[in-house]
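Trainee: I would like to go through this structure with some questions.
Mentor: Go ahead; here it is.

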Amino acid sequence: MKNNLDLTGLFNRWEQVWHEGRFDLVPDCVAPTYLRHDEAGDRVVTREAYAAELAALRSARPDIRILVYDHAFQADRAWYRFTMRWTDSATGVVATRAGFQSYRIDGGKLAETWVTLQPIGSAWRDLVAQPDWTTPLRND
């Protein structure tokens, strides 16, 4: 990556994939193979397979939101501290799950990620989330 502006554009598009279901942007965001270190273990997925995973997740949780509280970009790396929030389709109850995720970017696309999630029902105690995934909160 040339600079943080490149990462800002990448993660603005990635937020559209997650929040708006813009799966047409997945090829612009994800490398042909994506190495994931998550609850399912260490695995390599194609961008098409991962887009299908996201589509299934959005189908089960159509109102899912990723609330970002902190993030940083540096060279070919990014990290996020976030809470997922969605309505459980079976109970109608709002569910949350706090997490931390870091990324390695190669060729302007997500190439590898490490995800740590807290149990369902967890949430960070921050009172306010960032307005979007790439705009930090002002501290003044």
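Trainee: Leaving aside neighbours within four places in sequence, which residues is tryptophan 14 in contact with?
Mentor: First, this is a predicted model, where local features need pLDDT of at least 70 and side-chain atom pairs count only at pLDDT 80 or more, while totals for chains, interfaces and linings use all residues. Residues are numbered from 1 along each chain as its sequence is written, and side-chain values use heavy atoms, with hydrogens and water left out. Contact means heavy atoms within 4.5 Å. With neighbours within four places set aside, the partners of tryptophan 14 are Val26, Cys29, Val30, Tyr50, Leu54, Tyr103, Leu110 and Trp133.

Trainee: Which element gives the largest share of the largest nonpolar core?
Mentor: A nonpolar core is a set of buried Ala, Val, Leu, Ile, Met, Phe, Trp, Tyr and Cys residues joined through side-chain atoms within 4.5 Å; buried means under 20% relative accessible area, exposed over 50%, and partly exposed in between (1.4 Å probe, protein chains only). The largest such core has 29 residues, and Trp14 is among those with the most contacts inside it. Helices (H or I, at least four residues) and strands (E, at least two) are DSSP runs, numbered from the N terminus. Helix H1 (4–20) is one of the elements that supply at least two residues of this core, and the largest share, six residues, comes from H1.

Trainee: How many salt bridges does the structure hold?
Mentor: Side chains of opposite charge can pair when their charged atoms come close. A salt bridge is a side-chain nitrogen of Lys or Arg within 4 Å of a carboxyl oxygen of Asp or Glu. Arg36, Asp38, Arg43 and Glu53 are linked in a network of such bridges. The count for the structure is nine.

Trainee: How many residues apart are arginine 81 and aspartate 126?
Mentor: These two form a salt bridge, with the closest N and O atoms 2.8 Å apart. The pair links distant parts of the chain, as arginine 81 is in strand S4 (residues 77–87) and aspartate 126 is in the segment after strand S6 (109–117). Their separation is 45 residues.

Trainee: Is arginine 81 buried or exposed?
Mentor: Its partner aspartate 126 has a relative accessible area of 32%, so aspartate 126 is partly exposed. Arginine 81 has 15% relative accessibility, and therefore arginine 81 counts as buried.

Trainee: Which residue pairs with glutamate 112 in a salt bridge?
Mentor: Glutamate 112 is buried, because its relative accessibility is 11%. The partner's side chain meets that of glutamate 112 at 2.9 Å, N to O, and the partner is arginine 104.
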